[in-house]
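Subject: The structure I promised you

Hi,

Here is the structure we talked about, so open it up and keep it beside you while you read. My notes on the ligands and the spaces in the protein come right after it.

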Amino acid sequence: MPISAPDYYFLDELYTEEELLVRQTVRDFTDSEVLPIIEDAYQKGIFPMHLAQKLADLGLFGITIDEKYGGAGANYTCYGLAMQELERGDSGVRSFASVQNSLVMFPINQYGSEEIKMKWLPKLARAEAIGCFGLTEPDFGSNPGGMVTNAKKIDGGYLLNGAKMWITNGTLADLAVVWAKLDGVVTGFLVEKGMKGFTAPEMHGKHSLRASVTSELIFDDVEIPDGNRLNINGLKGPLSCLTRARYGIQYGVIGAAMSVYESSLDYSKSRIQFGKPIAGFQIVQEKLVWMLTEITKAQLVAWRLGRLMDEGRATPQQVSFAKRNNVDIAIQAARISRDIHGANGILGEYPVMRHAANLESVRTYEGTHDIHTLILGNDITGISAFE
Ligand code: TGC
Ligand code: FAD
């Protein structure tokens, strides 16, 4: 069933016509293509792969990338609003688009040679190639600087060894952007499906983000040609990609929060207990008002951050602020919503348990809630908790 979205503070007036058109287009797509099939995909634990081509046809891969490379050439606000509408459907669908845009096309566009850009970006934009981003390792999650995956220079290229874990789209991907140490310094490589020694087995048993593929990446003496190295040295390479993806997430989770809020409002007005709708009880009203208030505040943070991104003024710490806050309010809204739905809240007939479970992953990936607290703590005190 299509759902509306709250705009309590008339924030639509802050967006341009083009931005609202992008949002409406993606909203219609989610209503017609995602919501009818997502519960089934989630229960089966599969990503609905037919959506990839449809997302590409809407211009949702390479949203901020120049049209010369097949991108849409739109601004970061459009990107954020598109992520919001996809995540109103499911965090797994938004994840798929986040990875393609911010973690694969962004680093290729930013750090790839012209030849690499022309080879890969148009294919990625058209969904003829799907990408993934390998930073996390089994023993290095919050602390990626400790990674042990490494490359050695050989004649004509590099020899890559190591393993990555928890990689979204890994098994599906034609191309992996992989971060490894070369002479002790982190740098990026493009690893192509089919390269000898490269495998990407899927991870199973997830109770969260079930409509998304999560994989290991294993590199056993994989030979990478010279041309497949990205022109960036240091942890700032992968972290700069994370800044873009975290930005998309802080917009995206508002979509999940809107979904659970709208479902709670509808449900509480129609569920009768003690002779009246539960929406008529003060405690339930307080829960609905909390959700609406926090969603509205999150919408304001997202809008402002979008403008700062478009002006090139957003700091990584401001992005951390928004990722930390907006994911936190979304997950709290999902838990409250599950409560308001009573026993029905655990059924797939309503979107709330799926969103609640998904948001557990979103709270952890792209920097955990606590890591973003420490990034902000460092920014305001000047004292790093990591040293
Ligand atoms: P630190 O010394 O703080 O920084 C190293 C260098 O990087 C620069 N930098 C950034 N640059 C751009 N954007 C950012 N956000 C940046 N943050 C830091 C920094 O200025 C420095 O530059 P330079 O020139 O001095 O070398 O590094 P640290 O080792 O102390 O690490 C700090 C910490 C903990 C904040 C960082 O490592 C971190 O963010 N950890 C969290 C790891 C994480 O978020 N992993 C995400 C993996 S990808 C993923 O989850 C995808 S989910 C996809 C989906 O399905 O949607
Ligand atoms: P850990 O780093 O072991 O943290 C465990 C706990 O300790 C957390 O609560 C954390 O906040 C806390 N902690 C750690 N260090 C500190 C500290 N200094 N101070 C206080 N508390 C601390 N990664 C990729 O590279 N690519 C992907 O596409 C990708 N997709 C993912 C998809 C899913 C579904 C999931 C769940 C994860 C994905 N990840 C991906 C990995 C994700 O980024 C990591 O899980 C995340 O960075 C946290 O690392 P960790 O799980 O090893 O937790």
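Start with serine 95: a polar atom of its side chain lies 2.9 Å from an oxygen atom of ligand 1. Keep in mind as you look that this is a predicted model. Arginine 246 also reaches ligand 1 through its side chain, where an N or O atom is 2.8 Å from an oxygen atom of the ligand. With leucine 239 it is the backbone that takes part: a polar backbone atom there is 3.3 Å from a nitrogen atom of ligand 1. How much of ligand 1 does the protein cover? On its own the ligand has 1100 Å² of accessible area, and the protein covers 69% of that.

Now zoom out a little to the shell. Ligand 1 is surrounded by 25 residues, and the closest are Ser95, Thr168, Thr243, Arg246 and Gly367. Sorted by class, that shell has twelve nonpolar, nine polar and four charged residues. Which element gives the largest share of the shell? That would be α6, with six residues.

On to ligand 2. Here serine 142 is a good place to click: a polar atom in its side chain lies 2.6 Å from an oxygen atom of ligand 2. Two backbone contacts are worth finding as well. Phenylalanine 133 has a polar backbone atom 2.9 Å from a nitrogen atom of ligand 2, and leucine 135 has a backbone N or O atom 3.0 Å from an oxygen atom of the ligand. As for cover, ligand 2 has 980 Å² of accessible area on its own, of which the protein covers 66%.

There are 18 residues around ligand 2, and those that come nearest are Thr136, Ser142, Trp166, Thr168 and Thr368. By class, this shell has nine nonpolar, seven polar and two charged residues. The elements β3, α9 and α10 each supply at least two residues of the shell around ligand 2.

So where do the two ligands sit? The space taken by ligand 1 is the largest pocket, and the space taken by ligand 2 is the largest pocket too. That pocket holds about 1200 Å³ of space. Its lining has 42 residues, with Thr136, Gly141, Tyr365, Glu366 and Gly367 nearest the centre. If you want to colour the lining by element, pick α4, β3 (157-168), α6, α8 (316-340), α9 (352-364) and α10 (369-381), which each give two or more residues. The lining has 18 nonpolar, 19 polar and five charged residues.

One last thing to look for is a cavity. How many cavities of 30 Å³ or more turn up in a search of the whole structure? The search finds one, and about 30 Å³ of space lies in it. The residues that line this cavity are Lys323, Arg324, Val327, Asp328, Arg363 and His369. Four of the lining residues come from α8, the largest share. By class, the cavity lining has four charged residues, one polar and one nonpolar.

If you only have a few minutes, I'd go to Ser95 and Arg246 beside ligand 1, then Ser142 beside ligand 2, and finish at the small set of residues around the cavity, Val327 and His369 among them.

Happy browsing!

Note on methods:
Residues are numbered from 1 along each chain as its sequence is written. Chains are lettered from A and ligands numbered from 1 in the order in which they are written. This is a predicted model: local features need pLDDT of at least 70, side-chain atom pairs count only at pLDDT 80 or more; totals for chains, interfaces and linings use all residues. Side-chain values use heavy atoms; hydrogens and water are left out. A residue is near a molecule or strand if one of its heavy atoms lies within 4 Å of it. A polar contact is a pair of N or O atoms within 3.5 Å; within protein, one must be able to donate a hydrogen and the other to accept it, and residues adjacent in sequence count only if both atoms are side-chain atoms. Accessible areas come from the Shrake-Rupley method with a 1.4 Å probe; for residues, only the protein chains shown count as cover. On a 1 Å grid over the protein atoms alone, a cavity is a set of points where a 1.4 Å probe fits but cannot get out, and a pocket is an open set with protein on both sides within 12 Å along at least five of seven lines; lining residues have an atom within 4 Å of a point. A molecule sits in a cavity or pocket if more than half of its atoms lie within 2 Å of its grid points. Ala, Val, Leu, Ile, Met, Phe, Trp, Tyr, Cys and Pro count as nonpolar, Asp, Glu, Lys and Arg as charged, and the others, Gly among them, as polar. Grid points are joined across faces, edges and corners, and a volume is the space filled by probe spheres set on the points.
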